[in-house]
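Biologist: I am new to this structure and should be grateful for a close look at a single part of it. Please then set that part within its surroundings, and explain each term as you use it.

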Amino acid sequence: MAPIPKAEARTVSAIYAAYEAANRHYDSLGISVGEIGNPCDRALWYGLRWASQPETIEGRKLSIFRTGDRWEEVLTDDLERIGVDVYGSQERIRLLGGHVRGKIDGRAIGVPEAPKTEHLCEFKSSNDAGFKEIVKKGCKEAKPLHYGQVQLGMHMFGLTRALYLVVNKNDDARYAERIEYDIDYCARILARAQRIIDAPEPPSGISKDPEFFGCMFCKHKPVCHDKATPRHTCRVCIHATPEPGGDAHWSCARWAKPLSIDEQKSGCPAHLTIPALIHGEQIDVNEENESITYRMPNGEIWVDGATNA
Ligand code: SF4
Ligand code: SF4
């Protein structure tokens, strides 16, 4: 007989639950530089449009995130201990009208390999398998998401080099790589991001097969493959547009006005979901009532628009 797994101690369950209770969902106002290396255009579009329900993150995973934050402080201390001047932690990245955004871990002068060159700093902590992969292949190949983040950080601040410093959480080994600014890469990835920002409908994804490996752990799988209804916010309404100027500004064509963040989160009674996000067949449009009628996969008729108010 297989051994019966032991129940989790109540103390441990309580600790995880406390992490979960303290966790607040945060909607990124744009495409995060930490995700821009994601190969799926559709996933980035869903994220920008707040299409998916907020993720439920387990307490143990939240604890891992907090450990990662602590490692950032330790790696900063490491550099300062060897005489590197680290500054600018949490400076903001704002690109393409603020629709691409993030923060940096810092900038540094005095890096031993090139003491006079100002470097962007990117600090990461990794499990043993991930660390070995980084050591073997380097940042660009092993961690394309980190590479995109580093490149756009350099692009934002006009830097030519980055220091990518990683710690192995299993044995405290350190890995340092100096990464060169790649202007062609940045031009390509920003052009791609602009296409995604401007797309009125979800662009193509990496696969139409829900069992495809790259989709299995995607947080947008429910809306993408499982016919889940998108969140009710302005960002999935046909009347909303991301504006090019300012800092992640959006406007509403229905009411001819800019939209505050709070307005975007709640929407209004005139909300009309972008039809490509509805998993049904569009069978009618009533311009006077501002409604769209669908036949859903179960045969039911569903009217989106003013009648929902
Ligand atoms: S489920 Fe797959 S295709 Fe859909 S958004 Fe995620 S990665 Fe892209
Ligand atoms: S019509 Fe309403 S829900 Fe749609 S973008 Fe305008 S304010 Fe938002």
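Modeller: The expected span of a helix is 1.5 Å times one less than its number of residues. Helices (H or I, at least four residues) and strands (E, at least two) are DSSP runs, numbered from the N terminus. This is a predicted model, in which local features need pLDDT of at least 70 and side-chain atom pairs count only at pLDDT 80 or more, while totals for chains, interfaces and linings use all residues. Residues are numbered from 1 along each chain as its sequence is written, chains are lettered from A and ligands numbered from 1 in the order in which they are written, and side-chain values use heavy atoms, with hydrogens and water left out.

The part chosen is helix α3, residues 59-81. At 1.5 Å a residue its 23 residues should span 33 Å, and the C-alpha atoms at its ends are 33 Å apart, which agrees. Buried means under 20% relative accessible area, exposed over 50%, and partly exposed in between (1.4 Å probe, protein chains only). In α3 the buried residues are G59, L62, G68, W71, L75, T76, D78 and L79. An α-helix has 3.6 residues a turn, so residues three or four places apart point the same way. Contact means heavy atoms within 4.5 Å. The buried residues of α3 pack against the helix α1 (10-22) and the strands β2 (85-87), β6 (119-126), β7 (161-168) and β8 (174-180). Just after the helix, G83 takes a positive phi of about 95°.

The setting of α3 is a protein with 10 helices and 14 strands. Its C-alpha atoms fill a box of roughly 70 × 60 × 35 Å, taken along the principal axes. Of the 309 residues, 40% are buried. Among contacts between residues at least 6 apart in sequence, 62% join residues at least 24 apart.

Two of the elements that α3 packs against, α1 and β2, lead to loops that merit a look. Y26 lies in the loop between α1 and β1 (31-32). Y26 counts as exposed because its relative accessibility is 64%. Its C-alpha atom is separated by 16 Å from that of K61, 35 residues apart along the chain. Q90 is in the loop between β2 and β3 (92-95). Most residues other than glycine have a negative phi. Q90, although not a glycine, has a positive phi of about 75°, and at 41% relative accessibility it counts as partly exposed. A256 also is not a glycine and has a positive phi, of about 50°. A256 is in the loop between β10 (250-252) and β11 (257-259), and is exposed, with a relative accessible area of 67%.

The ligands come next. A residue is near a molecule or strand if one of its heavy atoms lies within 4 Å of it. Of the 13 residues around ligand 1, C40, C215, C218, C224 and H225 come nearest. The elements that give two or more residues to this shell are α2 (41-48), α8 (213-216) and α9, and α2 gives the most, with three. Ala, Val, Leu, Ile, Met, Phe, Trp, Tyr, Cys and Pro count as nonpolar, Asp, Glu, Lys and Arg as charged, and the others, Gly among them, as polar. By these classes the shell around ligand 1 has seven nonpolar, four polar and two charged residues. The shell around ligand 2 has seven nonpolar, three polar and one charged residues. Among the residues around ligand 2 are C234, C237, H239, C252, C268 and H271. H239 is found in the loop between α9 (221-224) and β9 (240-242), and at 17% relative accessibility it counts as buried. Not counting residues up to four places away in sequence, H239 touches S251, C252, A253, R254, A270, L272 and E290.

Finally, rings of Phe, Tyr and Trp (its six-membered ring) pair if their centres lie within 6.5 Å, and planes under 30 degrees apart count as stacked, over 60 as edge-to-face and the rest as tilted. The structure holds four aromatic pairs. One of them, F213 with F217, is edge-to-face, at 6.0 Å centre to centre and 75° between the planes. Both F213 and F217 are exposed.
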